[in-house]
Amino acid sequence: MYGSPCFNQRADSSHSIMGCLRRKIRINSRYYGDHWEFRGALEDDMHHFRIWLHHDGRKLIRIGHTPVRIPLSTCPAAGNALQELMGMELQHSSVATHEKTNVRLQCTHLLDLAGLILAVAARGASSCEYDMVVSDPNNSAQSARLKRDGIEKIHWQLTEGRIQDAGEISGISIGSGFTAWARDTMKPIDAEAALLLRRTVFISRGRQVELDSPDYTPTRSGACYALQPGRIERATRRVGSSRDFSDKAGQLLAGVQAWLAFDETAE
């Protein structure tokens, strides 16, 4: 895990140490009878989801989810849309799920996690762990880092959403078009990491919003399952559901160890 406080950076000499958005993902598996069972969990300031799935070595045969901590009242049923992935063949790309379903009709985070688990399974890995951390903005600049299985794989300096001082990818925007670019130009496992860190940068913007304000209203109609027309109008904030893990990295997924170890007594 990364050090605490986040990056030890200051906005300026008169401000306190900056915070950060931390996101952690853990995946584990076992061979069970005649199939593989994978379990994956994700947690950050605003979200905590768990997914389990089974595959027969070639394709997805079962999938389910648990929304542990969610931001909106319309989120819980979103995981039911994951059933559209049933029968999907294992592929090394973590965004292969985008070809199987309409991403805007899914929960963004559940679909990301499902796609990642399937990619981990496709490459024959039995487990995987990702740690991402993105600093709060210093004017328009942010620092973003990613570790896979405890080893740092990416360190971006970002200015207004563009990667700086990173060799061949310097100047590239992580905005619209980045998913296709990463998928088409990077090795699958490198694209996987880049897209996970990109998502964490996007999620970090939520730290700049007073989500629990009485005046808060969900926006971006149609962006995901919970914000589709007909749902966004009745979507309400789960007040108090956010956390701040800036200096509490060790608390992320702290209660998930037994479940990931297939302890059937665990919740």
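Visitor: What makes the backbone oxygen of Ser241 and the side chain of Arg243 a polar contact?
Guide: The backbone oxygen of Ser241 lies 3.3 Å from a polar atom of the Arg243 side chain. A polar contact is a pair of N or O atoms within 3.5 Å; within protein, one must be able to donate a hydrogen and the other to accept it, and residues adjacent in sequence count only if both atoms are side-chain atoms. So 3.3 Å passes the 3.5 Å cut-off. The backbone oxygen of Gly240 lies 2.9 Å from a polar atom of that side chain too. Keep in mind that this is a predicted model, where local features need pLDDT of at least 70 and side-chain atom pairs count only at pLDDT 80 or more, while totals for chains, interfaces and linings use all residues. Residues are numbered from 1 along each chain as its sequence is written, and side-chain values use heavy atoms, leaving out hydrogens and water.

Visitor: Is Arg243 buried, exposed or partly exposed, and how do you know?
Guide: Its relative accessibility is 40%. Buried means under 20% relative accessible area, exposed over 50%, and partly exposed in between (1.4 Å probe, protein chains only). Since 40% falls in between, Arg243 is partly exposed.

Visitor: Which residues does Arg243 touch, if you skip those up to four places away in sequence?
Guide: Those would be Asp45 and Arg69, where contact means heavy atoms within 4.5 Å. Arg243 itself sits in the loop between helix H3 (188-204) and helix H4 (257-260). Helices (H or I, at least four residues) and strands (E, at least two) are DSSP runs, numbered from the N terminus.

Visitor: How do you know whether Cys107 is in a disulfide?
Guide: A disulfide is a pair of cysteine sulfur atoms within 2.5 Å. A search of the whole structure finds zero of them. For Cys107, the nearest cysteine sulfur is that of Cys75, 6.3 Å away, so Cys107 fails the 2.5 Å test. Cys224 misses out as well, because its sulfur is 6.7 Å from the closest one, again in Cys75.

Visitor: What makes Cys107 and Cys224 buried?
Guide: Cys107 has a relative accessible area of 10%, and Cys224 has 15%. Set against the cut-off for buried, both values pass.

Visitor: How do you know that strands E3 and E4 pair?
Guide: Two strands pair if DSSP finds at least two bridges between them. E3 (residues 48-55) and E4 (residues 60-69) have eight bridges, in the antiparallel sense, so they pair. Across this pair, Ile51 stands opposite His65. E7 (residues 151-159) and E8 (residues 162-164) have three bridges, which is enough as well.

Visitor: Why are E4 and E8 said to stand at the edges?
Guide: The open sheet has eight strands in the order E4-E3-E2-E1-E5-E6-E7-E8, with antiparallel pairing. E4 and E8 each have a single partner strand, so one side of each lacks a neighbour in the sheet. From one strand to the next, the twist averages 20°; axes are lines fitted to C-alpha atoms, for helices over the stretch in contact, and angles run from 0 to 180 degrees between N-to-C directions.

Visitor: Which strands does helix H1 touch as it packs on the sheet?
Guide: H1 (residues 108-122) touches E1, E2, E3, E4 and E5, and its direction makes about 40° with that of E3. H3 packs on the sheet too, touching E1, E5, E6 and E7.
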